[in-house]
Amino acid sequence: MAKEKKRGKRLTKNKLAEILQDLFLRNPDKTLSFKQIFKELRLATHPAKMLAVETVEDMAWDDFLSKVSDNSYKLNLKGQVQEGKFIRKPNGKNSFVPDDGSQPVFVAERNSKSALTGDRVRVTFMARRKKHIKEAMVTEILERARDTFVGRLKVERDFAFLVPDGGVFANNIILPKNKLKGGKAGEKAVVKVTKWPDEDNKNIIGEVVDVLGEQGDNDVEMNSILAQYGLPYKYPKRVEEAADKITGEITAEDYAEREDFRDVTTFTIDPRDAKDFDDALSIRQLGKNLWEVGVHIADVSHYVTEGSIIDKEAQKRATSVYLVDRTIPMLPERLCNFVCSLRPDEEKLTYSAVFDMDENAEVKSWRLVHTVIKSNRRFAYEEVQQILEDNGVVDSTGQPAPPAGPEGYKGEYATELVTLDMLAKKLRAARFKHGSVKFDREEMRFDVDEKGKPVRCYFKKSKDANKLIEEFMLLANKYVAESIGKVKKGQKAKTLPYRIHDQPDPTKLEMLRSFIVKFGYKLKTAGTKGEISRSLNKLMDDCNGKNEQKLIESVALRAMMKAKYSIHNIGHYGLAFEYYTHFTSPIRRYPDMMVHRLLTRYQNGGRSANKEYYEELCEHASDMEQIAQNAERDSIKYKMVEFMADKIGNEYDAHISGITSYGIYCEIDENHCEGMVPMHDLDDDYYDFDERNYRLVGRRHHHKYQLGDPIRIVVAKANLEKKQLDFALAED
């Protein structure tokens, strides 16, 4: 009894609220009287009982409990229990995303029940104390998003465990010594969870399914990134064997069924190190100021039949994955680099969008047809860019190419390339005039040595040669989508996967408008879609070349929604297209293969495909695209940290590229590597995070750290395991 009295005396109201919540959550269908509550919680003193009564009444006032009678209460299940997705954060600020699309809710680590990002969970909303944020407690994990994890092995004499990469768990995974599969301390390994925590045991138990190798080895680290995201790092042998049986032979029947483009000038333009050439362009003059431009796409679906072992693997992968130093292909190498790849001087089967265009790049007619081609030349982007520049063609929009000199244009296929560039620029100008949003994104690239170690870090910007290809791919994707989606009034469009992009988030757009005012810019946030996008383009033009350009582009991008796949067409806001799909890359994107199959089916008179089935495939492809992008970003982060690892103590000029409540991100001007100055290192004042204006503001001295500000940093730490660069402010 003395113990009970002692416990009752030291109970606080907040602590008692947690205990009461747990009691009612464990008894969701039970009505509990105060007498039962006192007994369950062993409350023997009068003050403790009165505190319990007051707390229970508060919980009823918050609608966490329902009052059954004057002295009895039960859990209020109405509106308190929801299902959705769990998102885990390394800083413990986890969240629950409800299925109904309502706002995410905070979940403390102690209430997470070891849920991981992507897990489907059931939660109960907790009673909210005054001024406290809305909070949820995971009561059941309905479905695990994954059960395999990658990390570093720790092996002691009596036990072993895995330290997972990415801070996915609060605790490590315990491994029985006889389940290590030969793994040694310090090696990276893939582990499958065999037992999740429950009421009796809070530990996670697993077993090694694959040992990747020594930590720090380039191949091991890249495979670790893939394994961390559940992406394959090996190709199944039986799928490769199936692909090896495909000869790629073109039969007499194939020739007879297809339009022959083998004698038309055709070439591919790709990155220098590419091997999977899935698109080619052909051009020939039909008459004065009239050209035929063919956009020829590898006919992958001719070789990969629906439901085959190769198709099932491609569907599961949904996309090729591009890490810094390697490509993990969606299709076996035999298909993507040989049979389907549009290699020069080889006859290939293609699916083609063929356009008749005038000198203003206006499409007079077009056709979608299965073809056979023979590429005359394989170009790298750099080669085409050089030819365009040698002939006086520089970055501009819509200007006609200069006339050829007496000896014609300089360079192999220069006349064709200059003509295509002229048409592409006019397509681009018309697209922007119609409301397409102008974002010229830069891509971070690395030069690596034979061991995969980065020796140079730089940003690559899209030039005329890249834009030439981009415009004709956009044109083909648009016309293909319109051919199915655009139907006469009263008719129903057949099923097709579209690439859709919703309008910008109005709140974020308004934040952008108020943010750019301080730089002297304006933005229209109300009106038609076209008016808003044209206003965005004017903003991009106005800030082009200014110090604040990158900053404004960064904030503007945050206002944009993510593009995704769906059979429910809402148009593509960023491109200002009413109908848009992905048709031009079936070697590396599964939705393109789906589109090829459906187009062929409909051309042969087939009925509309099952909507539900194709929507599921679209959702899967969208999810896998996001996962692949995350893996690519992690590989860039790893190489960035590896590149800076021998530069500890060096000082650099940088600018602030991100502001958070826990520190400032800075990007080095010289090499674009990004790191963070933690908040605790800003020790000259206490700083408040002004999220709306992307800045930190000192309470006493009112010093500001704002997005885009120049800053001098010193490299403090390079943590490869966490893929994290830490900077400190330079003393001056």
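In the predicted model, Val 339 is located in helix H10, which spans residues 333–339. The residue is buried, its relative accessible area being 6%. Beyond its neighbours within four places in sequence, Val 339 makes contact with Ile 246, Gly 248, Tyr 303, Arg 334 and Lys 348. With respect to Leu 16, by contrast, Val 339 is separated by 323 residues in sequence and by 69 Å in space, taken from C-alpha to C-alpha.

Two strand assemblies were examined. One is a closed barrel of five strands, arranged in the order S9-S10-S11-S13-S12 and with mixed pairing. From one strand of this barrel to the next, the twist averages 50°. Within the barrel, strand S9 (residues 148–155) and strand S10 (residues 160–164) run antiparallel and are joined by five bridges. Among the residues involved, Val 155 has Ala 160 in S10 as its bridge partner. Helix H5 (residues 218–228) packs on this sheet and touches S9, strand S12 (187–195) and strand S13 (204–214). The direction of helix H5 makes an angle of about 145° with that of S13.

The other assembly is an open sheet of three strands in the order S30-S31-S32, with antiparallel pairing. Strand S30 (687–690) and strand S32 (704–706) form the edges of the sheet, each pairing on one side only. Neighbouring strands are turned against each other by 20° on average, with direction ignored. Strand S31 (residues 695–698) is connected to S32 by three bridges, and the two strands run antiparallel. In this pairing, Leu 696 is placed opposite Tyr 705 of S32.

Charged interactions were considered next. Side chains of opposite charge can pair when their charged atoms come close. A search of the whole structure returned 54 salt bridges. In one of these, the side chains of Asp 99 and Arg 120 meet at an N to O distance of 3.1 Å. This pair links distant parts of the chain, 21 residues apart: Asp 99 belongs to the loop between strand S5 (94–98) and strand S6 (105–107), whereas Arg 120 lies in strand S7 (residues 120–125). Arg 120 is partly exposed, with a relative accessible area of 26%. Both residues also belong to a network of salt bridges that links Glu 83, Asp 99, Arg 120, Arg 122 and Glu 140.

Further salt bridges involve the adjacent residues Glu 382 and Glu 383. The side chain of Glu 382 meets that of Lys 460 in a salt bridge with an N to O distance of 3.1 Å. Glu 382 is part of helix H11 (residues 381–390) and Lys 460 is part of strand S24 (residues 454–461), so this salt bridge ties together parts that are 78 residues apart in sequence. Glu 382 is partly exposed, at a relative accessible area of 31%, and Lys 460 is likewise classed as partly exposed, at 32% relative accessibility.

Glu 383, in turn, forms a salt bridge with Arg 377, in which the closest N and O atoms are 3.5 Å apart. The partners in this salt bridge fall into separate accessibility classes. Arg 377 has a relative accessible area of 19% and, because the limit for burial is under 20%, is assigned as buried. Glu 383 counts as partly exposed, with a relative accessibility of 29%.

Methods: Residues are numbered from 1 along each chain as its sequence is written. This is a predicted model: local features need pLDDT of at least 70, side-chain atom pairs count only at pLDDT 80 or more; totals for chains, interfaces and linings use all residues. Side-chain values use heavy atoms; hydrogens and water are left out. Two strands pair if DSSP finds at least two bridges between them. Helices (H or I, at least four residues) and strands (E, at least two) are DSSP runs, numbered from the N terminus. Axes are lines fitted to C-alpha atoms, for helices over the stretch in contact, and angles run from 0 to 180 degrees between N-to-C directions. A salt bridge is a side-chain nitrogen of Lys or Arg within 4 Å of a carboxyl oxygen of Asp or Glu. Buried means under 20% relative accessible area, exposed over 50%, partly exposed in between (1.4 Å probe, protein chains only). Contact means heavy atoms within 4.5 Å.
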